[in-house]
Amino acid sequence: MAERTAVLGVGQTKYQTTRGDVSLPGLVREAAYRALEDAELGWDDIDAVVVGKAPDFFEGVMQPELFLAEALGAVGKPLLRVHTAGSVGGSTAVVAASLVQAGIHRRVLTLGFEKQSESNATWALSLPQPFSVSINAGAGGYFSPIIRQYMARTNAPELIGCMVAFKDRQHALRNQYAHLQQQDLTFDQVVESPMLWEPIRFSETCPSSDGACALVLGDEAAGDAASKPVAWIHGAALRSEANNFPGRDEVNPQASRDCADDVFAQAGITDRRAEIDEVEIYVPFSWYEPMWLESLGFCEIGDGWKLVEEGATHLDGGDLPVNCSGGVLSSNPIGASGMIRFAEAALQVRGMAGDHQVDGARKAFGHAYGGGAQYYAMWIVGSDKPTS
Amino acid sequence: MSADPSIPPAALSGEVSLPEKLADVEPVRSVRTPIRLEYDFIPGSASSGYLNAFADRKILGQQSPVDGAVFVPPRGVDPRHGAATPDYVELPDTGHVGGFCVTRLPIPGRDDLEIPYVSAWIHLDGADIGFLGLVAGIDTSEVRMGMRVRAVWKPDDELGCTAENILYWEPTGEPDIPVTAAGTNAWHAKQAAAGEPG
């Protein structure tokens with residue numbers, strides 16, 4: 001039996017295009033400091049630090065975890081780095097949780113970050129490879145053909161993606177940490193925004209952000225001792241698969257389905273849509289909301305777009321609110337983006353999500369994916385301690 | 001509600017005092033330091049065979065010893081079974097378009113590309129995975145999944161050991177193959193036709 005594990009504290013920086021006032025160490029320190037403050041703990045209470053970020057060539061700083069050790073209070077403590085491309089924020093949280101669940105450490109600080117202003121991610125994702133031709137324009141170029149396949153399979157109405165983007169930008173207005181704060185944005189402006197990677201429009205695309213997100217995780221005794229509400233981990237899972245093999249289902253990859261089955265089984269959840277109160281899924285391009293809702297089993301295959309159309313995923317009136325924080329579509333410090341999903345799920349079940357709180361949320365789902373939709377990290381957190 | 005998140009915690013934002021002689025100097029917030037790295041790429045055996053063959057206008061794949069699936073570009077391994085793929089197969093320079101993207105953005109290092117352009121997964125006849133290629137010689141709005149294409153090569157005196165020997169893929173004018181048998185569906189269609197589970 002694994003040690004019961006809780007999220008004791010959450011710390012985020014404001015996400016924005018450029019945090020020119022801080023260095024990388026300053027950025028991560030800010031998120032870590034806020035997580036400790038939220039957890040009502042000090043640097044000395046932390047036994048180990050687990051760090052994740054997207055590929056090092058995004059900022060051109062190799063193995064940045066080493067030079068960030070002091071900023072993260074990790075000197076003299078175990079310091080672990082996790083790499084799983086864009087899913088890394090989620091994978092990092094799962095790895096950190098496993099150190100507590102395994103009884104190795106009592107309290108772990110985990111953090112994901114990116115400073116996209118010191119980099120060019122589209123360039124970094126378009127590196128020439130000798131065995132391939134150089135024509136893929138960043139992540140949008142990679143995911144656009146997959147979205148096109150989803151649209152062909154489901155015959156979903158053309159503007160579903162725009163509906164997701166508009167909803168997430170509305171949600172972002174209720175999250176003071178979110179990067180994009182587009183008060184005057186209209187649905188028509190989303191629809192009329194230029195095509196970048198057809199069928200993906202500019203407004204259906206995530207921004208480039210600077211930011212960091214941190215969590216303090218603790219064992220059962222630490223969770224019981226906390227004076228604020230904590231988020232108990234009911235399930236945590238990782239899966240991966242190769243990015244190109246015969247017959248690969250790129251729209252609904254097996255690793256995604258397997259990871260979801262595992263995490264829901266751990267949490268003892270049978271009716272996914274009914275039992276989960278808030279969903280934070282990794283949606284860097286709008287169409288990935290319906291695609292993941294299907295893959296994750298929140299609805300039947302082919303029905304994801306119907307949830308969007310019905311408004312089921314909207315914070316106001318939806319029965320399955322998705323990305324109440326504004327999601328990756330509103331803030332994307334890549335290495336932190338997965339952890340923000342996990343953190344927001346935790347804030348919801350702690351009742352601490354502020355203006356984007358889902359009333360009475362008791363169980364929430366956090367999700368991240370990365371690479372060529374190859375790497376998956378998921379967790380389920382609850383207000384109550386898991387019974388098993 | 002918590003404090004304004006755009007204001008860093010007070011404990012982390014102490015005043016910095018500068019020496020008198022720097023008092024009037026504009027603070028440096030950032031510096032740009034372009035970096036470059038030159039390296040020799042050692043392709044290993046699978047990629048060497050593939051890249052060398054391009055100089056002779058040949059496209060080589062490798063075949064899985066487990067179920068005969070053909071991979072291009074060959075990477076020396078069948079990732080589904082963890083099996084080495086030592087055997088090369090020569091593939092024709094014809095195939096069909098699987099998934100594709102109409103890109104309306106410039107990309108670094110390819111100033112030669114006219115925007116918009118179509119990047120596509122090209123599924124060669126006889127191969128069981130797609131590889132990336134540029135589709136041209138057709139209006140971008142007319143490109144479709146299942147469209148038959150052939151390679152347009154550089155002139156002989158410009159050929160090197162590189163996949164860039166293929167300038168682009170152009171339509172052959174043959175009838176499309178059905179979308180249900182195109183791209184990543186092709187493997188399942190092939191298995192079904194052979195009476196095996198995909």
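This report describes the central sheet of chain A, the helices packed on it, and the contact of chain A with chain B, in a model that is predicted.

**The sheet of chain A**

Nine strands of chain A make up an open sheet with mixed pairing, and their order across the sheet is S3-S2-S4-S7-S1-S8-S11-S10-S9. At its edges lie strand S3 (79–82) and strand S9 (278–280) of chain A, each of which pairs on one side only. From one strand to the next, the twist averages 25°. Strand S2 (residues 48–53) of chain A runs parallel to S3(A), the two being joined over four bridges, and within this pair A:Val49 stands opposite A:Leu79 of S3(A).

**Helices on the sheet**

Two helices that pack on this sheet are set out below, with the strands of chain A that they touch and the angle that each makes with a strand.

| Helix | Strands of chain A touched | Angle between directions |
|---|---|---|
| H1(A) | S1 (5–12), S4 (107–115), S7 (210–219) | about 130° with S1(A) |
| H3(A) | S1, S2, S3, S4, S7, S8 (231–240), S10 (363–370), S11 (375–382) | about 160° with S2(A) |

Helix H3 (residues 88–101) of chain A also packs against helix H13 (residues 334–350) of chain A, with an angle of about 60° and with the axes 5 Å apart. H3(A) is therefore oblique to H13(A), because angles of 65 to 115 degrees would be needed for roughly perpendicular and angles under 35 degrees for roughly parallel. On the H3(A) side the contact is made by A:Val88, A:Gly89, A:Gly90, A:Ser91, A:Thr92 and A:Ala93, which meet residues of H13(A) including A:Gly335, A:Met339, A:Arg341 and A:Phe342. Sorted by class, this contact between the two helices has six nonpolar, seven polar and one charged residues.

**The contact with chain B**

Between the two chains, 42 residues of chain A are in contact with 46 residues of chain B. On the side of chain A that touches chain B, helix H1 (24–39), helix H5 (138–154) and strand S5 (195–198) of chain A each supply at least two residues, and H5(A) gives the most, with seven residues. By class, this side of chain A has 19 nonpolar, 14 polar and nine charged residues. H1(A) thus appears in two settings, as it packs on the sheet of chain A and also supplies residues to the side that touches chain B.

Strand pairing also links the two chains, since S5(A) and strand S6 (residues 94–103) of chain B pair in the antiparallel sense over two bridges. In this pairing across the chains, A:Glu198 stands opposite B:Val102 in S6(B).

Definitions and conventions
Residues are numbered from 1 along each chain as its sequence is written. Chains are lettered from A and ligands numbered from 1 in the order in which they are written. This is a predicted model: local features need pLDDT of at least 70, side-chain atom pairs count only at pLDDT 80 or more; totals for chains, interfaces and linings use all residues. Two residues are in contact if their C-beta atoms, placed from the backbone, lie within 7 Å. Ala, Val, Leu, Ile, Met, Phe, Trp, Tyr, Cys and Pro count as nonpolar, Asp, Glu, Lys and Arg as charged, and the others, Gly among them, as polar. Two strands pair if DSSP finds at least two bridges between them. Axes are lines fitted to C-alpha atoms, for helices over the stretch in contact, and angles run from 0 to 180 degrees between N-to-C directions. Angles under 35 degrees count as roughly parallel, over 145 as roughly antiparallel, 65 to 115 as roughly perpendicular and the rest as oblique.
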